[in-house]
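Visitor: I am new to this structure and would like a close look at one part of it. Could you take me to the place where the ligand sits, and then show me what lies around it?

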Amino acid sequence: MTLAAKISLGCIADDYTGASDLANTLTRAGLRTVQTIGVPADDLALPEVDAVVVSLKSRSIEAGLAVSRSRAADKWLRGRGASHVLFKICSTFDSTDAGNIGPVMDALRADCGEGAVLVTPAFPETGRTVYQGNLFVGAVPLNESPLKDHPLNPMHDSNLVRVLARQSRTQIGLVDLATVTRGADAVRARLAELASKGIGAAIIDAVFDRDLETIGLVAAEHRLSVGASGIGLGLARALVSTGKVKSAAASGATGAAVGGPAACLAGSCSQATLQQIANAERVMPVLHLDPDRILTGAGEAQRALDWARPRLAEGPVLIASSSTPDQVAALQARHGRDAAGHAIEQTMADIAESLVRSGVRRLVVAGGETSGAVVDRLKISGFLVGVEIAAGVPVLRAVGDGGAMLLALKSGNFGGAEFFSDALRLMR
Ligand SMILES: Nc1ncnc2c1ncn2[C@@H]1O[C@H](COP(=O)(O)OP(=O)(O)OP(=O)(O)O)[C@@H](O)[C@H]1O
Ligand SMILES: O=C(O)[C@@H](O)C(=O)CO
């Protein structure tokens, strides 16, 4: 079965945890939503939905590849009737001067002939707000937050007008909070003014959900927007309030219990994940991988499996590669940033594949790149969205032929201190 009806909202997410975060937000706002892994094959069985979130793993790849994959996703979504496409990026604007937010935005904008694109990573529910174009993570500017130590894209500038200008071929403007506060007409007028000056994209401030509702109303009249789950919330509420989508009960997918052994894998080195791992040690066995042994091919995946298999019958286990910023920096100095990241991701995928072969049917993964490597290896084609574990993290039910399986894909910075046990409690 293919998608039966025209979809109202198309989304392209640059990583898999970000995609499930967005799918969760859209579902809770009343849109029937499915998350696909990659651009779907035409014969993928999918229910009738209002929104499709195509998950790519394009955040940290070469910009040209990110552009071509995003354009393919955009073409697929528009072919299914999506008149608006949201390019979902990280709420902490994870990127480098080489991309990939700017190059992908430029290409999608050219393809759909958009004037000025609204861009905001604001997601107040998780503490991400934008004021005067500056991104705050909780109480601190982005460049003072733990994102300054991110293993793949350390963020050293909180002014997103500057950050995006370095990545994009178009000039970047600002729609400030005072304008947003005056309402949708004021935003429309400002956007038209920027477009008339040849400015192709604007960072738009947002501090509260009501700002995102205003932004969503205006964005929904356009062909393209760029942002995190906050703008997704605004778009979804706009689609419902203007009657373009008939709001479904925001219950999320339910289904028969899956049961069976459960495991957690953590590849995120974020401060939040490090704390969650430390807390998990009190309630489940935790194995810390040795990243150097992974890089030197010393059979670390096999050691992890030999450790995990006898424990699975007793309850969930957690396997983590995560290290502190100093340890990450030292490892990268020895082996190179990309080589270290890639080797660890692939080892996590090896471990996940073998655990699933050993009967694991409930899997929690922490970290966007890590989740991407794991989900690709498991050859999962898509997810239905279930209950919310924490802001931005739902229980996911795999669709396709691989047998019943529940996953939770946690963005590095998301979730409360007891995230791993919170997730497992809801994954039955
Ligand atoms: N000990 C380590 N040293 C160096 N790199 C590591 C280590 N452990 C994991 N990594 C790598 O760090 C990267 C972490 O990125 P990942 O996207 O998984 O987490 P995150 O960035 O915290 O999450 P998100 O993208 O959801 O915010 C991956 O490439 C992973 O392989
Ligand atoms: O927006 C976020 O912060 C997350 O959905 C994400 O993309 C982290 O990888």
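Guide: Happy to! A word on confidence comes before the tour: pLDDT is the predictor's confidence in each residue, from 0 to 100. This is a predicted model, and its chain averages a pLDDT of 94, with 96% of the residues scoring at least 70. The model's ipTM is 0.97 and its pTM is 0.93.

Now to ligand 1. Domain 1 (9–241) and domain 2 (262–426) both contribute residues to its shell, so ligand 1 lies between them. There are 26 residues around the ligand, and those that come nearest are S268, G341, G367, G368 and G412. By character, the shell divides into 15 polar residues, eight nonpolar and three charged. Three helices each supply at least two of the shell's residues: helix 12 (325–335), helix 13 (337–357) and helix 14 (368–377). Helix 13 gives the largest share, four residues.

While you are looking at domain 2 (262–426), let your eye travel on to helix 15, which spans residues 419–426. Its residues F419, F420, A423 and L424 are buried. Looking down the axis of helix 15, you would find these buried residues within an arc of 125°, so they line one face of the helix. That fits a general pattern: an α-helix has 3.6 residues a turn, so residues three or four places apart point the same way. The cover over the buried residues of helix 15 includes helix 9 (271–280) and several strands, among them strand 12 (262–266), strand 14 (317–320) and strand 18 (406–410).

Methods:
Residues are numbered from 1 along each chain as its sequence is written. Chains are lettered from A and ligands numbered from 1 in the order in which they are written. This is a predicted model: local features need pLDDT of at least 70, side-chain atom pairs count only at pLDDT 80 or more; totals for chains, interfaces and linings use all residues. A residue is buried if 20 or more other C-beta atoms lie within 10 Å of its own, exposed if 12 or fewer, and partly exposed in between; C-beta atoms are placed from the backbone. The arc is that of the directions from the helix axis to the C-beta atoms. Two residues are in contact if their C-beta atoms, placed from the backbone, lie within 7 Å. A residue is near a molecule or strand if its C-beta atom, placed from the backbone, lies within 6 Å of it. Ala, Val, Leu, Ile, Met, Phe, Trp, Tyr, Cys and Pro count as nonpolar, Asp, Glu, Lys and Arg as charged, and the others, Gly among them, as polar. Domain bounds come from an automatic or database domain assignment.
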